[in-house]
Every structure is written in structure tokens, then in C-alpha cells.
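Here are my notes on the model you sent, set out as numbered points for you to check against the coordinates.

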Amino acid sequence: MASPSVQDRSLLILIIDLTPKTWGQRNRARLESDKNRAEHKKGSVGPATLEETLNALLSFLIAFSSCHRDNTVIVIGVAGGEVSVLHPRKDRLDGIMGVSSLDKSMDLVEMREGIMLGVAELVSRCVKNHSNRGNAIAAATSLGLCLINRVMKSSSRESNGLEENSLLHRKEDDGILSMISNKLNKEGEGATKHATEQRLAQRRARGMLSPRMLIVQASEDCTLDYNAFMNCVFAANKSDVIIDGCFISSITKDCPKTSTFLEQASDRTGGVFSKPVGRAQIDGGLTGVLMTVFLPPLGIRKDLNLPKANKVDFRARCFETGESLDMGMVCNLCLSIFKEEPKGNCLTCGAKVLTRNNAKNRKLDDNGSLSKRARIDE
């Protein structure tokens with residue numbers, strides 16, 4: 001049995017949603033809410049500002065780095081359509097891929113300064129390029145998986161830290177349509193989680209890092225990135241990378257109250273999903289949520305009473321409206337899902353959509369695509 005010090009060695013990829021439009025709306029809502037409540041001599045109920053969120057995350061990272069001297073942190077920022085590594089900085093990113101760098105404790109002051117500088121640079125680039133098209137969480141997740149693979153390769157004596165014999169064979173039913181059309185029964189889900197826990201225990205016993213990912217999101221899900229994001233989730237699940245999700249909701253009516261994408265990702269990979277609201281976001285509340293829910297190492301989570309999702313909505317969403325669907329139109333080329341049949345061309349890949357009359361012949365030209373109606377169960 002591996003010693004506790006070996007079991008606690010972790011690699012954390014932290015993805016932070018920094019979209020200026022979202023945080024600007026939250027700041028205005030916070031000022032208006034605080035003003036109204038102050039007139040009635042009541043305290044604030046949030047939502048958390050960007051400054052409060054960053055301070056809570058920095059406290060969380062300091063606590064995480066203090067749990068074990070070999071813990072490694074990589075912070076990725078997302079601002080609209082822009083994605084960037086905030087920590088470590090560019091001149092030190094290559095160094096973290098070496099084994100020798102894992103034996104050195106992190107400079108907490110340097111980490112804080114680097115993250116704040118990276119946040120300022122990323123937000124400025126987003127505003128300059130006017131890239132406020134939703135949030136590129138899918139791109140950041142893909143980048144995080146690539147960085148995990150590089151670090152695991154460098155820190156392991158094996159040729160590939162994430163490679164397992166079971167990963168070389170892909171079942172035919174493993175895919176996005178399979179997940180949204182079929183429910184996992186309790187017995188199968190339990191067996192899958194047990195197998196994952198065994199592989200993680202074997203990895204810790206060999207002295208390898210335990211990779212995990214924490215996504216902190218405040219913006220609405222980008223429906224156009226659903227396929228890309230779920231492909232990342234499947235890759236993470238195959239590689240035994242745990243994805244935790246923290247959705248920081250707002251108090252305005254038109255803002256989303258949860259993230260279906262994060263719920264699905266956490267449930268699929270065996271992670272934890274939490275959506276703190278109200279006072280849980282301010283006055284140290286968010287720091288408490290991060291410390292108690294997301295800080296515990298993977299090896300001891302099974303012994304803790306962590307939040308569990310009672311029901312995860314696995315229904316597909318329309319790529320145009322974002323509405324959850326029981327029945328929809330699926331593009332044969334890119335698998336995009338729509339509530340109504342697109343007119344002319346697929347809104348995602350641009351392929352030509354055949355009419356129902358021509359679809360009866362099931363003939364496709366070189367640039368054509370056949371949209372078909374598919375049943376999507378919950």
C-alpha cells in the first residue's frame with residue numbers, strides 16, 4: 001500500500017471563466033442589489049465579483065499547494081473566445097514539464113502575481129479583439145488535457161503516463177449520441193466508478209501524479225461547443241482524469257442558474273459539481289466551498305460526504321437556441337442537433353441540408369448532408 005504522501009501527489013488544472021461581459025453584468029447586478037438592500041438595512045447576498053472570486057481561488061490554490069510539496073498547478077483563463085495559460089508564465093511553462101521541477105515547492109508570491117498579470121492581459125486581449133462569443137470552455141478543457149498528458153509523460157518513467165491497455169480499444173457505443181440516448185444503469189455505473197478508482201489507486205501506488213481538473217464557470221453554456229466539450233469529457237473519462245465543476249450563478253433573471261455541460265462532465269468522470277448561491281459566494285463563503293468540496297484529494301473523497309447530483313439532465317440541447325430536446329434534427333456530418341430542420345445549410349458545419357422529399361432517396365452529393373429525426377431519451 002502506498003504511503004499517504006505518495007497518494008496525495010496531485011496535478012490540478014484550474015480553468016477560470018473571465019469573460020468581461022459576464023462579470024460586468026454581475027457587477028452591475030451586485031451594485032443594484034446592495035443599494036436596494038442597504039435601504040432596508042440588510043446585508044449583501046451577492047453575486048460574487050471577479051475580485052472576490054479570484055481571491056477565493058488564490059486562497060484555494062495556496063491551500064492546495066500546501067497539502068503536498070509535489071502538488072502541481074496549472075491555471076488556464078477563458079475570456080470570451082480567448083484562452084491562455086495564466087500560471088505558470090510562458091518563460092516557465094516548459095520547466096514545469098520536467099521531472100526536476102516537480103521536486104520544488106511553488107513560489108506562492110510568484111504564482112499570485114503571475115495569475116493577476118495573466119488575467120489582466122487576457123481580459124485586455126478579449127476586449128481588444130471583441131471576442132465575446134460565449135465562452136471557450138471546450139478549448140480550455142482540450143488545452144488542459146494536453147498539458148496533463150505532457151506533465152504525466154515527464155513525471156512518469158513510462159512512455160505515456162495516461163496510457164492504459166484499456167484505452168487502446170474503443171467500444172462502438174462510446175460516443176456523444178450514445179451518452180444522450182442511453183441511461184447508465186446503477187450496476188453498470190457503479191462498476192465503472194469502481195474500475196476507475198482501482199486504476200487511480202494503481203497510479204498512486206506507482207508514485208505517479210493524480211490528475212484532476214476544476215472548471216469555475218460564470219457564463220452561459222455555449223451550445224455550439226457541445227460536441228467539442230463532450231469529446232473532451234470522453235477523453236478525460238478514458239484517461240481517468242476527474243473533472244470537477246463549480247458554477248457561480250447570478251441573481252438576475254436572465255442569467256443561467258446552472259451549467260448542464262458541467263453537470264454532465266462531472267457525472268461522467270466521477271467528479272463533484274457545486275453551484276454556490278447567495279451568501280455562499282461572498283464574505284469568505286466561496287472560499288469555504290472551494291476548501292471543503294474541491295480541495296480533498298481523490299484518494300479520500302469516497303470517505304467524505306460531498307455534494308451529489310440527484311438527477312443530471314443528459315438531454316441534448318439545440319445548437320441554435322440552447323433548449324433541451326426530447327426530439328431533434330441531427331446533422332449527418334457534424335452531429336449538430338437542432339430543434340427545427342435548418343434551412344439551406346447546417347448552422348455549424350455549413351453542409352447543405354436536403355429537403356424531406358429528396359431525403360427519401362437518401363442520396364448525398366459531395367457537399368451535402370442528410371438531416372434526420374432521432375429520438376433522444378432522457
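1. Among contacts in the protein between residues at least 6 apart in sequence, what percentage join residues at least 24 apart? The share is 73%, and, like every value in this note, it is computed from a predicted model.

2. As to overall content, the protein has 378 residues, of which 48% are buried, and its secondary structure consists of 12 helices and 11 strands. The exposed area of the protein comes to about 19200 Å², with 50% of that area supplied by carbon and sulfur atoms.

3. Helix H3, residues 50-67, deserves attention for its packing against helix H5, residues 108-129, since the two axes come within 11 Å and cross at roughly 145°. The crossing of H3 with H5 is right-handed. On the H3 side the contact involves Leu54, Asn55, Leu58, Leu61, Ile62 and Ser65, and these meet Leu108, Met111, Arg112, Ile115, Met116 and Val119 of H5. By residue class, the contact of H3 with H5 comprises nine nonpolar residues, two polar ones and one charged one.

4. Helix H3 also packs against helix H11, residues 285-294, where the axes come within 8 Å and cross at roughly 35°; here too the crossing is right-handed. In this contact H3 contributes Thr53, Ala56, Leu57, Ser59, Phe60 and Ala63, while H11 contributes Leu286, Thr287, Leu290, Met291 and Phe294. The residues of the contact of H3 with H11 divide into eight nonpolar and three polar, with no charged residue among them.

5. Turning to the strands, E2, residues 72-79, pairs with E3 in the antiparallel sense, and five bridges connect the two. One bridge that can be checked directly on the model is that of Val78, whose partner in E3 is Val83. The hairpin formed by E2 and E3 has two residues between the strands, and within this hairpin Gly80 takes a positive phi near 65°.

6. Why can strand E3 be described as largely enclosed by the rest of the structure? The strand spans residues 82-87, and five of its six residues are buried, so the description follows from the burial of those residues. For this step, a residue is taken as buried when its relative accessible area is under 20%.

7. When you go through the model, I would suggest viewing the two contacts of H3 separately, with Leu58 and Leu61 among the residues that meet H5, and then the E2 and E3 hairpin with Gly80 at its positive phi.

Conventions
Residues numbered from 1 in each chain as written. Predicted model: local features only at pLDDT ≥ 70, side-chain atom pairs only at ≥ 80, totals over all residues. Heavy atoms only, no water. Axes fitted to C-alpha atoms, helices over the stretch in contact; angles between N-to-C directions. Helix = DSSP H or I, 4+ residues; strand = E, 2+ residues; numbered from the N terminus. Left-handed = near helix turned anticlockwise from the far one by under 90°. Contact = heavy atoms within 4.5 Å. Nonpolar A, V, L, I, M, F, W, Y, C, P; charged D, E, K, R; others polar. Buried < 20%, exposed > 50% of the residue type's maximum accessible area, 1.4 Å probe, protein only. Areas by Shrake-Rupley, 256 points an atom, 1.4 Å probe, with all protein chains shown as cover. Pairing = 2+ DSSP bridges.
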